[in-house]
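These are my notebook entries on a single chain, taken down in the order in which I looked things up. I begin with a pocket and work outwards from there.

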Amino acid sequence: MTRNPKNKKRNTKAVSSMFDSIPHELVSEVLSRVASSSIKDIFNAKLSCKMLNEIAKDMYVYQRVSLDEVPIIPWKPISQEQETFLNTCLQSENPESLYRQAVLDYFNKTNLESTCMHLQKAVKNGHTGALYVTCIVLLFSGNEELKQQGIKLLGNMKKTNGLKRRLRICRNNLNSILKMIWVKNPVLLEPPVCCTTRDHHHRKSRWSEVEEDVTCEACVADQEINLLSGRYNFV
């Protein structure tokens, strides 16, 4: 049994008419929540009718779309449509898109200015991973004042209950990305030493494999550096 094309057109018009009676701001909010849960669902919504497709182009929707199902490094060439989508996410200041761009800029492209710009925007939009990478960038800055800021910021993350629980997730996510890209930033070849207290040096040999609960903020920073070092493909 084949469907009548007139019925399909009639149904599409009915759906569009229904959404015409609902404020676009409300529809945009619903679509943004759909986008934050699944990229597939938002694409299906866009295909369902012309009205939803237009409203889904709102920057607010792109800002909240989930990129969990989108690899940071595509295994095959992407289409023009996919490239446009990813660029729009970045331009709309999607936090995950900003974070990914910052990681690539710093570790792969050695573009510090672009790194800082994207990290700042991602942190402003509440991306915890971007806050963690900001700490790493500060620690490897080669500037003592900036390094101390990184130590303090990382120490505050460790002390804050909500952020402390996410710290390991942030590190694991960063490590996962670094395993997929070529790391080219030469500053990473010489990890900085944050804690200079002689009594604390005996702990450090274990930190490349084991995460320990330490109270010294400088030791916390050294521990993070050790847990990251050597886990990427350097060229």
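How do the residues of the lining of the second largest pocket divide into nonpolar, polar and charged? I find 9 nonpolar, 7 polar and 5 charged residues there, and I note at once that the model I am reading is a predicted one.

**Entry 1, the second largest pocket.** I recorded a volume of about 460 Å³ for the second largest pocket, and 21 residues line it, with Asp68, Glu96, Arg100, His127 and Asn173 the closest to its centre. Helices α7 (95-108), α9 (128-139) and α11 (161-178) each supply at least two residues of this lining, and α11 gives the largest share, namely 5 residues.

**Entry 2, the largest pocket.** I then turned to the largest pocket, which holds about 630 Å³ of space. Its lining is made up of 25 residues, and those that lie nearest its centre are Ile39, Phe43, Val70, Gln82 and Phe85. I sorted the lining of the largest pocket by class and obtained 16 nonpolar, 4 polar and 5 charged residues, while the helices that each supply at least two of the lining residues are α3 (39-48), α5 and α6 (80-91).

**Entry 3, the cavity.** I searched for enclosed space as well, and the structure holds 1 cavity of 30 Å³ or more, for which I noted a volume of about 40 Å³. Phe107, Ile136, Phe140, Leu188, Ile225, Leu228, Ser229 and Tyr232 line this cavity, and by class they come to 7 nonpolar residues, 1 polar residue and no charged ones.

**Entry 4, the chain as a whole.** I stepped back to the secondary structure and counted 12 helices and 2 strands, which follow one another along the sequence as α-α-α-α-α-α-α-α-α-α-α-β-α-β. Of the 235 residues in the chain, 43% are buried, and the accessible surface comes to about 14200 Å², with 53% of it belonging to carbon and sulfur atoms. When I took the contacts between residues at least 6 apart in sequence, I found that 65% of them join residues at least 24 apart.

**Entry 5, salt bridges.** How many salt bridges does a search of the whole structure find? The search gave me 10, and I looked at three of them individually.

In one of them, the side chains of arginine 64 and glutamate 29 meet at 3.2 Å, N to O. This pair links distant parts of the chain, with arginine 64 in helix α5 (residues 59-64) and glutamate 29 in helix α2 (residues 24-37), 35 residues apart. Arginine 64 counts as partly exposed at 31% relative accessibility, and glutamate 29 is partly exposed too, with a relative accessible area of 23%.

In another, glutamate 144 is bridged to lysine 147, and the closest N and O atoms are 3.4 Å apart. Both residues belong to helix α10 (residues 144-159), where they are 3 residues apart and so separated by about one helical turn. I noted that glutamate 144 is partly exposed, with a relative accessible area of 46%, whereas lysine 147 counts as buried at 11% relative accessibility.

The remaining bridge that I examined joins glutamate 217 to lysine 152, with 4.0 Å between the closest N and O atoms. Here too the pair links distant parts of the chain, since glutamate 217 sits in helix α12 (residues 217-228) and lysine 152 in helix α10, 65 residues apart. Is glutamate 217 buried or exposed? Its relative accessible area is 18%, so I entered glutamate 217 as buried, while lysine 152, at 44% relative accessibility, counts as partly exposed. I also wrote down that salt bridges sharing partners join Glu29, Arg33 and Arg64 into one network.

**Entry 6, glutamate 190.** Where is the place of glutamate 190? I located glutamate 190 in the loop between β1 (182-183) and α12, and with a relative accessible area of 67% this residue is exposed. The C-alpha atoms of glutamate 190 and serine 229 are separated by 9.5 Å, although the two residues are 39 residues apart along the chain. Serine 229 had already appeared in Entry 3, in the lining of the cavity.

How values were computed: Residues numbered from 1 in each chain as written. Predicted model: local features only at pLDDT ≥ 70, side-chain atom pairs only at ≥ 80, totals over all residues. Heavy atoms only, no water. Helix = DSSP H or I, 4+ residues; strand = E, 2+ residues; numbered from the N terminus. Buried < 20%, exposed > 50% of the residue type's maximum accessible area, 1.4 Å probe, protein only. Contact = heavy atoms within 4.5 Å. Areas by Shrake-Rupley, 256 points an atom, 1.4 Å probe, with all protein chains shown as cover. 1 Å grid on protein atoms, 1.4 Å probe; cavity = no way out; pocket = protein on both sides within 12 Å on 5 of 7 lines; lining within 4 Å. Points joined across faces, edges and corners; volume = space filled by probe spheres on them. Nonpolar A, V, L, I, M, F, W, Y, C, P; charged D, E, K, R; others polar.
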